Amino acid sequence: MAAAAACGGEVAARPPLAFSPHDRRFLAVSGSDGRLRVWDTVGSRLQHEYVPSAHLSAACTCLAWAPPGGRPPPDKDGPQRKKRKSEAAEVDKQLDILAIGTAVGSILLYSTVKGELQSKLDGGHDSRINCVRWHQDNCCLYSCSEDKHIVEWNTQTCKVKCKWKGDNSSVSSLCISPDGKMLLSAGRTIKLWDLETKEVYRHFTGHATSVSSLMFTTVKPMNENKPFDGITGLYFLSGAIHDRLLSVWQIRSDRKEKNAVMSFTVTDEPTFIDLTVSELKEEPVKLAVVCRDGQLHLFEHILNGYCKKPLTSNCTIQIATPGNDGDSTPKPVPILAAAFCTDKQSLLLVYGNTLQPIIEKVSLNTSESHICLIRDVQKALALKTDDAVTKVRTPVVNSDTKVLVPGIPGHSAAVKTPSSGKEKKKSKRKPGETEDSIEERLGALDIDVSKVKTPGGLPQTDSFAVLLVQGLESNDEDILNKVLSTRKETLIKNTVARMPIHAVIPLLHELTKRLQGNPYSASQMVRWLKFVFTLHASYLSTLPDLIPQLGMLYQLMESRVKTLQKLSRLHGRLFLLVTQVAASETVQDVTEVNQTAKLVYEDESSEEEGSDDEMIADKDSDENWDEDEEKEEQSDEQDMTVEKEMNGDSDLEPENESEEE
């Protein structure tokens with residue numbers, strides 16, 4: 001009988017998926033929107049949809065289906081009457097309880113039969129639930145968390161039955177032995193616990209990263225000669241995060257061997273694992289491994305002891321879209337999960353996306369090493385949509401009824417009943433007729449066009465956000481230039497705050513492209529960048545690939561910042577030079593002051609005498625006198641002239657004063 005990893009087969013990078021045990025009738029998927037959807041694998045129809053009350057704050061982290069045939073959790077208080085055998089068989093057949101682990105440490109029990117929440121398990125963990133496992137007895141549940149603890153729950157009372165520390169780091173995966181007496185737990189190391197004493201029975205080491213999946217591959221030991229104690233001689237499989245090797249371990253009686261006995265190699269990190277349990281000695285184990293790159297690897301091997309070399313897959317399955325048109329090329333379609341059917345000869349493939357997956361049953365053919373299935377995903381989704389649309393019935397509306405459409409002022413036209421096909425053919429426009437304009441059509445609908453138009457030419461903040469999203473989706477340069485050219489800080493802030501989350505990354509790419517243009521537009525784009533990083537920092541911090549998406553913007557800003565210091569030095573030097581040139585020009589422009597005296601006042605006449613003596617002395621020095629007589633006559637004449645000048649000065653003194661004035 002086939003067995004699969006209900007919650008340990010997938011890691012946290014992808015939304016959790018889980019097939020219902022044994023018959024694989026249902027597939028539970030928790031999408032990225034926080035909703036739980038249960039799909040019918042036979043017709044790929046949506047069976048149930050459940051929205052937890054805290055689906056945004058407490059996302060689903062793991063899923064586990066309850067094994068059929070157990071006791072249901074209590075749904076109401078009081079004693080229950082004893083049921084008949086037919087009723088009990090019907091309840092056992094229909095009982096499908098789904099355990100949902102959340103990111104806040106609580107566990108939800110959802111009934112797919114009733115389509116409602118059955119109960120809630122609280123108080124055991126205070127951190128993210130990593131894995132949930134049901135015991136063979138349906139009223140017992142085991143869970144592990146990031147808080148390093150393992151909790152045993154009683155689903156009848158919804159209380160913690162036992163809690164113990166499982167590892168020094170977070171416990172990431174659990175698996176219960178076939179007899180139900182042992183429990184495998186894994187963090188960085190794998191431990192085998194005795195469920196009665198809660199003590200470690202064995203240690204296994206070999207993975208460098210945290211283990212993401214654990215499951216037993218055999219229910220009986222290969223060596224049937226020795227007595228079987230329920231656990232010794234069994235094999236189990238483990239896979240780790242960022243590890244392309246799946247390790248197989250054997251539980252032995254001696255404690256010396258702690259390493260893996262064999263390993264399977266895949267192309268990428270495993271995200272979902274399913275296998276068929278080997279019940280006989282010569283029966284091979286079939287293994288289906290879905291990797292992160294979207295490929296499916298199939299293995300088939302008989303577990304018979306130690307194998308040194310890693311085993312490669314017998315067959316690899318891929319899915320691609322058809323390249324019908326000349327321009328289009330085939331694109332790979334990721335495989336989300338795979339599970340073996342009860343006959344072990346066919347396989348259920350789940351591919352596409354988690355919001356609306358496509359489930360297909362294919363037969364196994366391991367003779368070919370590589371198989372590529374061509375599937376038209378868009379056509380398959382369109383067919384499913386058409387089937388859903390045909391179930392909708394259009395109500396018959398009376399012609400006298402008047403229906404008002406909300407949101408359009410002045411609308412008072414009656415809704416016409418849908419006409420038959422013959423009337424549609426008659427109403428077709430002839431080649432000679434002209435088509436009505438939009439204004440005429442609005443007039444026929446009795447809509448006041450003047451009221452519909454927004455007052456003013458400048459759009460408001462709401463329309464700015466809508467225009468920005470439309471411009472980003474259609475890559476319209478005119479709309480983007482109109483929106484991004486605004487310079488009002490308040491308008492930019494409100495527009496960024498009201499735009500949807502999915503448009504943040506395209507806006508950053510557009511701003512990065514415009515930053516590489518002229519400096520004027522770059523300075524304008526910086527204002528938008530400031531508000532984008534300020535208002536949407538919490539959303540951007542949750543993106544795992546934020547660094548490669550913003551790499552060009554970071555390099556652009558880094559290159560411009562590097563030249564800032566050099567430009568600052570150049571700016572300082574140029575400022576000093578310009579200041580000195582301006583100072584020298586101001587000094588040259590100052591007019592020279594005329595320093596010649598406008599008035600000279602001579603106080604005494606002795607100065608004039610002294611000046612005359614100096615003039616006479618100069619003449620004496622310049623002339624050469626040869627004869628003594630001439631010298632004497634000259635001296636007499638000089639005395640006479642001095643006396644005359646003195647007399648003249650005294651007579652002309654008032655005149656000189658008047659002239660000086």
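How many residues does the hairpin use to join strand 15 to strand 16? Three residues do the job. Keep in mind that this is a predicted model, and let's start from that hairpin and work outwards.

**Strands 14 to 17**

The hairpin belongs to an open sheet of four strands, ordered 14-15-16-17 and paired antiparallel. Strand 14 (173–176) and strand 17 sit at the edges with a single partner strand each, so one side of each has no neighbour in the sheet. Going from one strand to the next, the twist averages 25°.

Strand 16 (residues 190–194) is mostly covered, with four of its five residues buried. It has partners in both strand 15 and strand 17, and here is how those pairings look side by side:

| Strands | Bridges and direction | A bridge partner pair |
|---|---|---|
| strand 15 (residues 182–186) and strand 16 | five bridges, antiparallel | Ala186 and Ile190 |
| strand 16 and strand 17 (residues 199–204) | five bridges, antiparallel | Trp193 and Val200 |

Strand 16 and strand 17 also make a hairpin, this time with four residues between the strands. Within that hairpin, Lys198 takes a positive phi near 60°. Elsewhere along this pairing, Lys191 stands opposite His203 in strand 17.

**Rings and a charge**

What sits over the ring of Tyr201? The charged end of Arg202 does, 4.3 Å from the ring's centre.

Searching the whole structure turns up nine aromatic pairs. One of them is Phe236 with Trp249, a stacked pair with 6.2 Å from centre to centre and 10° between the planes. Phe236 is in strand 19 (residues 235–240) and Trp249 is in strand 20 (residues 245–250), so this pair ties together parts that are 13 residues apart in sequence.

Are these two rings' residues buried or exposed? Phe236 counts as buried because its relative accessibility is 0%. Trp249 is buried too, with a relative accessible area of 1%. Both residues also belong to a cluster in which ring pairs link Phe204, Phe216, Phe236 and Trp249.

**Strands 6 to 9**

There is another open sheet of four strands to look at, with the order 6-7-8-9 and antiparallel pairing. Its edge strands are strand 6 (60–65) and strand 9 (116–121), and each of them pairs on one side only. Ignoring direction, neighbouring strands in this sheet are turned by 25° against each other on average.

If you zoom in on one edge, strand 6 is joined to strand 7 (residues 97–102) by five bridges, and the two run antiparallel. Trp65, for instance, has Leu98 in strand 7 as its bridge partner.

**The nonpolar cores**

Which residues have the most contacts inside the largest nonpolar core? They are Phe19, Leu296, Leu298, Ile317, Leu347 and Leu349, in a core of 33 residues. Strand 27 (residues 335–340) supplies the largest share of this core, at six residues. Apart from this core lies another one of 30 residues, among them Leu484, Ile492, Trp528 and Leu543.

Leu349 is a handy residue to click on if you want to see who it touches. Setting aside neighbours within four places in sequence, Leu349 is in contact with Leu296, Ile319, Ala337, Ala338, Ile358, Ile359, Glu360, Val362 and Leu373. Of these, Leu296 also appears among the residues with the most contacts inside the core.

Methods: Residues are numbered from 1 along each chain as its sequence is written. This is a predicted model: local features need pLDDT of at least 70, side-chain atom pairs count only at pLDDT 80 or more; totals for chains, interfaces and linings use all residues. Side-chain values use heavy atoms; hydrogens and water are left out. A nonpolar core is a set of buried Ala, Val, Leu, Ile, Met, Phe, Trp, Tyr and Cys residues joined through side-chain atoms within 4.5 Å. Buried means under 20% relative accessible area, exposed over 50%, partly exposed in between (1.4 Å probe, protein chains only). Contact means heavy atoms within 4.5 Å. Rings of Phe, Tyr and Trp (its six-membered ring) pair if their centres lie within 6.5 Å; planes under 30 degrees apart count as stacked, over 60 as edge-to-face and the rest as tilted. A charge sits over a ring if NZ of Lys or CZ of Arg is within 6 Å of the ring centre and within 35 degrees of the ring normal. Two strands pair if DSSP finds at least two bridges between them. Axes are lines fitted to C-alpha atoms, for helices over the stretch in contact, and angles run from 0 to 180 degrees between N-to-C directions.
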